[in-house]
Amino acid sequence: MVEHDPLSVTRDAYDAAAPTYAELFRDALRDRPLDRAILSAFAQVVSASGDGQVADLGCGPGHITAYLDELGLAAFGVDASPAMIELARQAYPALRSTWARWPR
């Protein structure tokens, strides 16, 4: 019997889907004014607290991280999928991105 680590299975699935996912969601915020408004309100609250640093956990190809950066936050992305992080780095080279392995 082969046991599969759920995180590894999830990571592998997102790695396989990364190019398609990035293509489908690259411009997702363009047609979602409510999402943009919520993120803008979030950015205002964070900025008012003084720090402005935020982590986009599960950042995928980085489009939300980039938007938060445009709003003036010190945003960085974290994802378990190396393929997603690579796409984020290609699309937004000025942003900090890293991929994380969570402990088992």
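Buried, in my notes, means under 20% relative accessible area, with exposed over 50% and partly exposed in between (1.4 Å probe, protein chains only). Helices (H or I, at least four residues) and strands (E, at least two) are DSSP runs, numbered from the N terminus.

**Entry: ground rules.** I am working with a predicted model, where local features need pLDDT of at least 70 and side-chain atom pairs count only at pLDDT 80 or more, while totals for chains, interfaces and linings use all residues. Residues are numbered from 1 along each chain as its sequence is written, and side-chain values use heavy atoms, with hydrogens and water left out.

**Entry: confidence.** I looked up pLDDT (the predictor's confidence in each residue, from 0 to 100). The protein chain averages 89, and 89% of the residues score at least 70. Among the elements, H2 has the highest mean pLDDT at 96, and strand S3 (residues 96–99) has the lowest at 68.

**Entry: layout.** I find four helices and three strands in the protein chain, in the order α-α-β-α-β-α-β along the sequence. Of the 104 residues, 33% are buried. The accessible surface (Shrake-Rupley method, 1.4 Å probe; for residues, only the protein chains shown count as cover) comes to about 6,800 Å², and carbon and sulfur atoms own 57% of that. I then turned to contacts (heavy atoms within 4.5 Å). Of those with a separation of 6 or more, 47% join residues 24 or more positions apart.

**Entry: helix H4.** Which residues of H4 (82–91) are buried? I get Met 84, Ile 85 and Ala 88. Seen down the helix axis, they fall within an arc of 95 degrees (taken from the directions from the axis to the C-beta atoms), so they line one face of H4.

**Entry: the core.** Next came the largest nonpolar core (a set of buried Ala, Val, Leu, Ile, Met, Phe, Trp, Tyr and Cys residues joined through side-chain atoms within 4.5 Å). Its nine residues are Leu 29, Leu 39, Ala 43, Val 46, Val 54, Tyr 67, Leu 68, Leu 73 and Ala 75. Helices H2 (33–49) and H3 (63–70) are the elements that give two or more residues to this core, and H2 has the largest share, with three. I also checked Leu 39: leaving out residues up to four places away in sequence, Leu 39 touches Leu 29, Ile 64, Tyr 67, Leu 68 and Leu 71.

**Entry: helix H3.** Here I list His 63, Thr 65, Ala 66, Tyr 67 and Leu 68 as buried. What do the buried residues of H3 pack against? Their partners are helix H1 (6–25), H2, strand S1 (53–57) and strand S2 (74–79). Just after H3, I noted that Gly 72 has a positive phi of about 95 degrees.
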